[in-house]
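Hello,

I hope your week is going well. Here is the structure I promised to pass on, and my notes on it follow below.

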Amino acid sequence: MPANRHFRNVIRIGPVQVGTAYDSRGHEKHTAACTAPRCGFSADYDSRAAAELAARTHHCPVR
Ligand SMILES: [Zn+2]
């Protein structure tokens with residue numbers, strides 16, 4: 001995870017962490033990122049609900 005983004009309201013759903021941060025343009029973004037080794041899933045969403053849903057339904061492609 002890039003160190004220059006300051007996430008707040010970070011929660012963990014399974015292996016996936018969801019956090020809210022401001023992007024370089026000052027817009028609020030909601031990021032879901034999987035912490036499992038070799039998975040690498042990470043995506044930004046416009047709403048917190050979308051990010052949490054993605055985290056809940058995420059399945060790692062590698063075991
Ligand atoms: Zn994963």
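**What I found**

Let me start in a loop: Arg38 sits in the stretch that links E3 and E4. Please keep in mind as you read that this is a predicted model. Arg38 has a positive phi of about 70°, although it is not a glycine. Is Arg38 buried or exposed? Arg38 counts as exposed, because it has 9 C-beta neighbours inside 10 Å, and the cut-off for exposed is 12 or fewer.

There is another residue of this kind to look at. Asn9 also has a positive phi, near 55°, and is a residue other than glycine. Asn9 lies in a strand, namely E1. With 10 other C-beta atoms within 10 Å, Asn9 is exposed.

Now for the wider picture. The protein chain holds 1 helix and 4 strands. Reading from the N terminus, you will meet these elements in the order β-β-β-β-α.

How are the strands arranged in the sheet? The 4 strands form an open sheet in the order E1-E2-E3-E4, and the pairing is antiparallel. At the edges are strand E1 (8-13) and strand E4 (42-45), each of which pairs on one side only. From one strand to the next, the twist averages 20°. As a reminder, strands of a sheet pair through backbone hydrogen bonds, either parallel or antiparallel.

If you would like one pairing to trace on screen, try E3 with E4. Strand E3 covers residues 28-34, and its antiparallel pairing with E4 runs over 4 bridges. For a single residue pair, pick Ala33, whose bridge partner in E4 is Ser42.

Which strands does the helix touch? Helix H1 (residues 48-57) packs on the sheet and touches E1, strand E2 (16-22), E3 and E4. The direction of helix H1 makes about 5° with that of E3.

Two figures for the chain as a whole may also be handy. The protein chain has 63 residues, of which 16% count as buried. Taking the contacts between residues at least 6 apart in sequence, 22% join residues at least 24 apart.

If you have a moment with the viewer, you could begin at Arg38 in the loop between E3 and E4, then go to Asn9 in strand E1, and finish with helix H1 where it packs on the sheet.

Best wishes

Methods: Residues numbered from 1 in each chain as written. Predicted model: local features only at pLDDT ≥ 70, side-chain atom pairs only at ≥ 80, totals over all residues. Pairing = 2+ DSSP bridges. Helix = DSSP H or I, 4+ residues; strand = E, 2+ residues; numbered from the N terminus. Axes fitted to C-alpha atoms, helices over the stretch in contact; angles between N-to-C directions. Contact = placed C-beta atoms within 7 Å. Buried ≥ 20, exposed ≤ 12 C-beta atoms within 10 Å, placed from the backbone.
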